[in-house]
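Visitor: I would like a quick tour of this one. Shall we take it question by question?

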Amino acid sequence: MSFTLHGIAVSSGIAIGHAHLVSHTSLEVAHYALPDQLVQEEVARFDAALETARHELAALRAVRPQQAAAEFDAFLDLHLMILDDDHISKAAREMIARERCNAEWALKVQMDELVMHFEAFEDAYLRERKTDVVQVVERVLKTLAGHAGHAPPATEHGAKMILVAHDVSPADLIQLKPHQFSAILTDLGGATSHTAIIARGLNTPCVVGLHRARLLVRENDEIIVDGEHGVIIVNPDRQILAEYRLRQDQWELERKKLKGLKTKRAITLEGVRIELHANIEMPHDLPDVKENSAAGIGLFRSEFLFLNRDELPDEDEQFEAYRAVAEGMRGLPVTIRTFDLGADKQIKGVQRVASNPALGLRAIRLCLVEPQLFRTQLRALLRASHYGNVKILVPMLSGAAEINQTLQAIATARQSLDREGVPYNREIPVGGMIEIPAAALALNTFTRKLDFLSIGTNDLIQYTLAIDRTDEEVAHLYDPLHPAVLYLLAHVIGNANKAGIPVSVCGEMAGEVAYTRLLLGLGLRQLSMHPAQLFSVKQRILTTSLAGTEAITHKILRADDPAKIRELLDRLNAG
Ligand code: PEP
Ligand code: MG
């Protein structure tokens, strides 16, 4: 049966392929086939994870609370029993060998079977024990994450597979990079969630906020994904398929044409140069930056170096990563953001339970309460500055106290390098992200104390409009054109320009062609975006007259009716 679902358009392009579902429970598990020669290794990996889980449970016995020792022992005995149940240990093991699949998948399939058995019990107590099964499997999955497996291989029809998930974390999505699904669909998420941002970086069509796709779509269903309009068509008829194949060809032709802009400079019709920089997540994104001829890196989200691992990267490992990017850019600016962990990017060891993670210990707030972690990164960044044009960018600053503490932490890191005689750029610029309305409103503090500013519109919009950027239920309220957002943007750009402090926008707004002229009209001259977006934005700049743009932008700033603002924006973008 053919049906259509509407979600939130996140990453453009049209994909046509077959659905590959990931788990329907809260445990999102990838499924991939292994080549023959890796099967034994995978079985060993599974055994090692079981053993680790056994040890963990045994260790818990030593710290059980005295006042509830008996209940705790019963719980541990039950979990150990489930761990050794044939379904979990033996059957999953056999399945890996038989079906040549990854351990996580085998475990998940066996768990589903066992849960079904438990659900069939008449006794309510026994029925409830399915929760314990899921908890045990979660424990093993976590330990499996610590026993590094093989990246899912690019299957023969890999390029045609469409990932359908209830939700995918940014950490999981970044791991998919090498094996390339041709589209990504999720039930949850908003347009500027980090999952959406990574999908855009992968240059893969993506629709989020589909609500029930994971439930309605079946494995291997044929799907058309229209990433531009946020629509998916499941099991389309031949006529629709033919129409979308045509659209897909046209879209690819457009992309090819845009490549012709590679050697062109980004200048407006009156010859004003606009600096177009790239956002990256990992050093291996560098070839894309070059391919799309970015004039620098405006945002290196360094926290991605910290995800998907047990041990955090030490100073030397971080230094090598930053140096590789600094050297690779050959003197062009490389703006490295200190890690923005917390909220939707959690790491082991410093994970904290917050009732509202977006408002909790995130980014610089986390750095300042974990001074050792911060110091390690600052030393690595300073050391890398000796090898290129490195700038330090600090996320989520809210005011003078945090700026002062940050600058003090940098000074301390510098002193430690001085004592050891380690070279670094003594003039290294330190900038702040403007992501919190308080920062935008207290801008003078920022222009006085910092060398440059970068506006994170994703968070600035989230915090100004009080909408969680990861929550699809409020995604319709996310509005870059809200007068309050426009006021803050105009205020920050105008005052930074007046103070002679370089300012850029590195949030998703920077890469959306619909907003390019508006941002230029507000006085912005530097934008940073995913490499894949650079040519479209450059094309728009090449056809832009600043004089006309500024006049309409001022009208937009005075308007408060959404329809009127849209109409003016259309006028701005015409021609
Ligand atoms: C932003 O908030 O706009 C930004 C660039 O940072 P991130 O998306 O990583 O939070
Ligand atoms: Mg941000």
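**The ligand site and the sheets**

Visitor: How many residues surround ligand 1?
Guide: This is a predicted model. The closest residues to ligand 1 are His194, Arg301, Arg337, Asn458 and Arg469. They belong to a shell whose count is 16 residues.

Visitor: How do the residues of that shell around ligand 1 divide into nonpolar, polar and charged?
Guide: Four residues of the shell are nonpolar. Five are polar. The charged residues number seven.

Visitor: Which element supplies the largest share of the shell around ligand 1?
Guide: Helix 8, strand 10 (297-301) and helix 18 (457-465) each supply at least two residues. The largest share is three residues, and it comes from helix 18.

Visitor: Which residue has a polar backbone atom 3.1 Å from an oxygen atom of ligand 1?
Guide: Set the side-chain contacts aside. Arg337 places a polar side-chain atom 2.8 Å from an oxygen atom of ligand 1. For Arg362, a polar side-chain atom lies at 3.2 Å from a ligand oxygen. The backbone contact at 3.1 Å belongs to Thr457.

Visitor: What percentage of the area of ligand 1 does the protein bury?
Guide: Taken alone, ligand 1 exposes 290 Å². The share of that buried by the protein is 100%.

Visitor: Now the open sheet of eight strands. What is its strand order?
Guide: The pairing is mixed. Strand 1 (3-6) and strand 2 (8-11) are the edge strands, each pairing on one side only. From one strand to the next, the twist averages 30 degrees. Read across, the order is 1-8-7-3-4-5-6-2.

Visitor: Which residue of strand 8 stands opposite His6?
Guide: Strand 1 and strand 8 (residues 231-234) run antiparallel, joined by four bridges. Across from His6 in strand 8 stands Val231.

Visitor: At about what angle does helix 10 run to strand 3?
Guide: Helix 10 (residues 238-258) packs on the sheet. It touches strand 3 (14-21), strand 7 (222-226) and strand 8. Its direction and that of strand 3 make about 120 degrees.

Visitor: And helix 8: at about what angle does it run to strand 2?
Guide: Helix 8 spans residues 194-201. It lies across strand 2, strand 5 (183-186) and strand 6 (206-208). With strand 2 the angle is about 45 degrees.

Visitor: Do strand 12 and strand 13 run parallel or antiparallel?
Guide: Start with strand 11 (residues 333-337), which five bridges join to strand 12 (residues 389-394) in parallel. There Pro333 stands opposite Asn389. Strand 12 is joined to strand 13 (residues 430-434) by three bridges, with Leu393 opposite Gly431. Strands 12 and 13 run parallel.

Note on methods: Residues are numbered from 1 along each chain as its sequence is written. Chains are lettered from A and ligands numbered from 1 in the order in which they are written. This is a predicted model: local features need pLDDT of at least 70, side-chain atom pairs count only at pLDDT 80 or more; totals for chains, interfaces and linings use all residues. Side-chain values use heavy atoms; hydrogens and water are left out. Two strands pair if DSSP finds at least two bridges between them. Axes are lines fitted to C-alpha atoms, for helices over the stretch in contact, and angles run from 0 to 180 degrees between N-to-C directions. Contact means heavy atoms within 4.5 Å. A residue is near a molecule or strand if one of its heavy atoms lies within 4 Å of it. A polar contact is a pair of N or O atoms within 3.5 Å; within protein, one must be able to donate a hydrogen and the other to accept it, and residues adjacent in sequence count only if both atoms are side-chain atoms. Accessible areas come from the Shrake-Rupley method with a 1.4 Å probe; for residues, only the protein chains shown count as cover. Ala, Val, Leu, Ile, Met, Phe, Trp, Tyr, Cys and Pro count as nonpolar, Asp, Glu, Lys and Arg as charged, and the others, Gly among them, as polar.
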